[in-house]
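Here are a few quick notes from me to read alongside the structure. Keep it open and look up each spot as you go.

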Amino acid sequence: MTELPVAIGILIDTYKKVKALADKADNIELKNHILEMNEQLLNAKEAALELREENTNLKEENRKLKAVQDGELEFRNNAYYDKGGNIPYCPGCYASKNIKVPLVDMEREFINFGNKKCSVCKISYSIDN
Ligand SMILES: [Zn+2]
């Protein structure tokens, strides 16, 4: 299968040839259709770029989920850990943004809200040491 951006590139080349012929034909209706076609091609190109970006994001998300599945990360004691590691990562940030944010110790006066806190989302967790 031809990749979408390549296919659109071919369509644009064909469009240019058709437009050159239409310009010679001196037909207003034909020229209007050619203009519409140009607009639709630009829309398709934009949609292809959006799809490519979405695809990149999905691949990255998938890679991270696989990391958990393959055992690079494990969930225990209310948090994610590197396999065999002892640094807890924020479960909220990992679930929503797929980033590993180490939880840090809470200040003593706030300890009743939990004993560890995420420096990114500011949520506190009770993690057994
Ligand atoms: Zn967080």
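**Notes on a hairpin, a loop and a helix**

1. Let's start with the hairpin of S1 and S2: two residues sit between its strands, and Asn77 takes a positive phi there, near 55 degrees. Bear in mind that this is a predicted model.

2. What makes that phi worth a second look? Most residues other than glycine have a negative phi. Asn77 is not a glycine, yet its phi is positive, at about 55 degrees. You'll find Asn77 in the loop that links strand S1 (73–76) with strand S2 (79–82).

3. Now check the strands on either side. S1 and S2 run antiparallel and are joined by four bridges. Try finding Glu74, which stands opposite Tyr81 in S2.

4. Is Asn77 buried or partly exposed? Asn77 counts as partly exposed because 14 other C-beta atoms lie within 10 Å.

5. Next, hop over to Lys122, in the loop between strand S4 (116–118) and strand S5 (124–125). Lys122 isn't a glycine either, but has a positive phi of about 65 degrees. Lys122 has 9 C-beta neighbours inside 10 Å, so this residue counts as exposed.

6. Finally, have a look at helix H1, which covers residues 4–25 and has 22 residues. From first C-alpha to last, H1 reaches 31 Å, close to the 32 Å expected at 1.5 Å a residue. H1 is hardly covered, with a count of zero buried residues among its 22. Just after H1 comes Asp26, whose phi is positive, near 55 degrees.

Methods
Residues numbered from 1 in each chain as written. Predicted model: local features only at pLDDT ≥ 70, side-chain atom pairs only at ≥ 80, totals over all residues. Buried ≥ 20, exposed ≤ 12 C-beta atoms within 10 Å, placed from the backbone. Pairing = 2+ DSSP bridges. Expected span 1.5 Å × (residues − 1).
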